[in-house]
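Please open the model in your viewer and keep a selection panel at hand, since this tour moves from one selection to the next and says what is to be found at each stop.

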Amino acid sequence: MRVKWREHDGAWELSLRLDADEDITGEVTDGQRVEMATNGCRVRPAVPAGEVHPDLLALLAWTVVAPWTRSRIVFDRPVSPEFARALHDGWGVEAGPVGGAPRPRGRVLAISYSGGADSAAVAAILPDAPLITFQRVGHTRVPNRWTHYRSDTLVRLAKATGRDVTVVQSDLEFVLRYPRPGFPEHHAVMAGAILLADRMDLGGVALGYEIGSRWLGGGRYVHRYTPDNPMWSGHGPWGTLFAAAGLPMVLPVAGISEAMTMKIALSSKLRDQVRWCLRGDAESACGRCGKCLYKELIQAAVEGRPLRTEITADRPVAQKWQRPPPYGGQEMIEYGCARVPNIETTPFAKAAEYLRPTIESTRWLERLYPPAMAEIPEPWREPIERYMTEHFPVMDADDRRRVETWGSR
Ligand SMILES: [Zn+2]
C-alpha cells in the first residue's frame with residue numbers, strides 16, 4: 001500500500017495505491033469483509049488544520065486503508081520509529097519511511113461526538129471538552145445511494161448543544177463499496193480529531209463505547225467477554241497505535257451499560273439534542289427502524305414505562321427478535337425485557353420468553369465494571385472515575401462474574 005496526502009484549500013486529500021499482492025477485497029479488524037470502491041477520499045475540517053505531525057497523517061490514512069494492506073505501507077513522509085513499531089506489532093506490517101520524533105501528547109481531551117446517547121453521556125461527564133463531529137458528504141466519483149442518511153440533521157443537533165463543536169466533513173465512507181458506504185475501520189470516525197490534534201493541542205480523544213461494545217464483544221460481532229477487544233482495548237493494536245501518535249483513545253463510559261449511558265444523556269442538558277437514528281427528519285427520529293425499536297426498549301426500561309411503538313412483531317425490522325438468541329446487544333434486550341411492563345404484548349415477547357431475565361439477573365447492568373476505569377489514561381482517569389463512582393454502585397464479585405462469563409453460559 002502507498003498513500004499520499006495533498007492539502008488544497010483546507011481540504012486534505014488522500015490517495016492510495018494497492019501493491020501487486022493486494023486487491024480490492026479486504027478485511028476490517030472486526031472480521032467484516034469489505035470491497036474498495038475508489039482510490040481516494042477527502043477530509044475537510046471546519047477550521048484549517050495547519051501543520052500536522054506525520055504520525056497523525058499516517059494514523060488517519062491507516063484508519064482508511066488498513067483493511068486492504070497486506071504486508072507493507074509506504075507513507076509520503078517519515079513516521080516515528082514508535083509509530084512504525086506499533087504498526088508492525090499490531091498488524092505485522094512494515095511501515096516506512098521511518099525517521100523523526102514521535103508526536104508529543106497535547107493537553108486537551110476532545111470528544112468524538114455522534115449525537116447518540118452514548119456520546120452525549122460522555123459529553124455530559126466532560127462538560128468542558130470540545131466536541132468534534134464527523135459529517136458524511138458526497139464523493140465526487142461515487143454515487144450516493146444512501147440519501148435517507150441525514151448527516152445534516154446530526155450536525156444541526158450537535159451545534160444546538162451550545163458546546164464548542166467542530167464539524168469535519170468527509171467522503172471517506174465512500175471508499176467502501178461493499179457491504180455499503182461506511183467507515184473502512186470504525187476508527188475513521190475520529191478523522192477530525194486526528195487531523196486537528198496538533199491545532200487543538202489534543203492529548204486524547206474520548207469515545208462513547210459502553211460496556212457492550214468494549215467488553216461484551218459488541219452487538220455486531222461476537223457474543224462473548226472480550227478483554228482483548230482488538231479495536232477498543234487500551235493495549236490492543238488500535239489502542240497502542242493511537243497512543244503512539246500521542247492521541248490515546250479514552251472510553252469514559254466503557255464500565256457501564258447502554259441503559260446507564262441513556263440515563264445520563266436523558267437527564268443531562270443535552271437531552272433535546274440526543275438522536276440515535278440516522279433517518280428521521282429535523283424534528284424527530286424515524287420511529288420505524290430496528291435501531292429506533294431497540295433504543296425505545298432501553299429508554300422505556302430506564303423510564304419504567306410501557307413500550308411506545310407502532311412496530312409490530314411481524315415487521316421485517318423486528319424479525320431478529322422473533323428468533324432465539326444470541327442477539328446483538330443482548331444484555332440490553334435482557335435488561336429491557338426484565339423491566340418494561342407488558343413486554344408480552346410487544347415485538348420483544350418472544351425474546352423475553354427465550355431469555356427469561358429478571359430484575360435481579362440484570363442488576364449488574366446498572367453498576368460500574370472497574371477494569372474499564374483502569375484503562376483510562378492519565379490525567380483523565382481520576383475525574384472520570386470520580387464521576388462514575390458518585391453515580392453508580394461498583395460491581396461486586398457476582399456482577400463481575402456475569403461480565404466475565406458473558407456468552408459462555
Ligand atoms: Zn429510526
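Select Glu 7 together with Trp 12, its bridge partner in strand S2; as you do so, bear in mind that this is a predicted model. If you extend the selection to residues 2-8 and 11-17, you have strands S1 and S2, which pair in the antiparallel sense over seven bridges. Two residues lie between the strands of this hairpin, and one of interest is Asp 9, which takes a positive phi near 55°. Keeping S2 on display, add residues 40-45, which form strand S5 and pair with S2 in the antiparallel sense over four bridges. Within that pairing, Leu 14 stands opposite Cys 41 of S5. As general background for what the viewer draws, strands of a sheet pair through backbone hydrogen bonds, either parallel or antiparallel.

Next, move to the open sheet whose three strands follow the order S3-S4-S11, with antiparallel pairing. Which strands stand at its edges? They are S3 (25-27) and S11 (176-178), and because each has a single partner strand, one side of each is left without a neighbour in the sheet. Neighbouring strands here are turned against each other by 50° on average, with direction ignored. To look at one of the pairings, select residues 33-36, which make up S4, and note that S4 and S11 pair in the antiparallel sense over two bridges. Glu 35 has Tyr 178 as its bridge partner in S11.

Now select residues 81-91, which form helix H2, and colour Phe 83, Ala 84, Ala 86 and Leu 87, which are buried. These residues cover an arc of only 155° around the axis, and therefore they lie on the same side of H2. To see what this side meets, add helix H1 (54-65), strand S6 (72-79), strand S7 (94-98) and helix H7 (237-244), against which the buried residues of H2 pack. Just after H2 comes Gly 92, whose phi is positive, near 70°. While S7 is still on display, pick Pro 97, which lies in that strand. Gly 96 and Pro 97 are joined by a cis peptide bond, with omega of about -5°.

A second cis peptide bond is worth a stop, namely the one that joins Glu 378 and Pro 379, where omega is about 10°. Pro 379 has its place in the loop between helix H12 (371-374) and helix H13 (381-391).

From there, go to the loop between helix H11 (349-355) and H12, where Arg 356 is placed. Although Arg 356 is not a glycine, its phi is positive, at about 45°. Is this residue buried or exposed? At 64% relative accessibility, Arg 356 counts as exposed, because the threshold for that class is over 50%. For another positive phi, select Asp 201, which has a value of about 55° although it is not a glycine. Asp 201 sits in the loop between helix H5 (191-195) and strand S12 (202-206). With a relative accessible area of 24%, Asp 201 is partly exposed.

The next selection is the zinc ion with its protein donors, Cys 277, Cys 286, Cys 289 and Cys 292, each contributing its SG atom and lying 2.3 to 2.4 Å from the ion. In sequence, these donor residues are spaced C-x8-C-x2-C-x2-C. What is the geometry of the site? It is tetrahedral, with angles of 105 to 115° among the four donor atoms. For reference, the ideal angle for four tetrahedral donors is 109.5 degrees. Switching to a surface view, you can consider Cys 289 at 12% relative accessibility and Cys 292 at 8%; both count as buried, because buried means under 20% relative accessible area.

For the last stop, select residues 397-404, which form helix H14, and pick out Arg 402 within it. Arg 402 is buried, with a relative accessible area of 18%. If you draw a distance from the C-alpha atom of Arg 402 to that of Ala 285, you will find a separation of 33 Å between two residues that are 117 residues apart along the chain.

Terms used:
Residues numbered from 1 in each chain as written. Predicted model: local features only at pLDDT ≥ 70, side-chain atom pairs only at ≥ 80, totals over all residues. Heavy atoms only, no water. Donors = N, O, S within 2.8 Å, 3.2 Å for Na, K, Ca; no water. Tetrahedral: all angles 85-135°; square planar, octahedral: opposite > 155°, others 65-115°. Buried < 20%, exposed > 50% of the residue type's maximum accessible area, 1.4 Å probe, protein only. Arc of directions from axis to C-beta. Contact = heavy atoms within 4.5 Å. Pairing = 2+ DSSP bridges. Axes fitted to C-alpha atoms, helices over the stretch in contact; angles between N-to-C directions.
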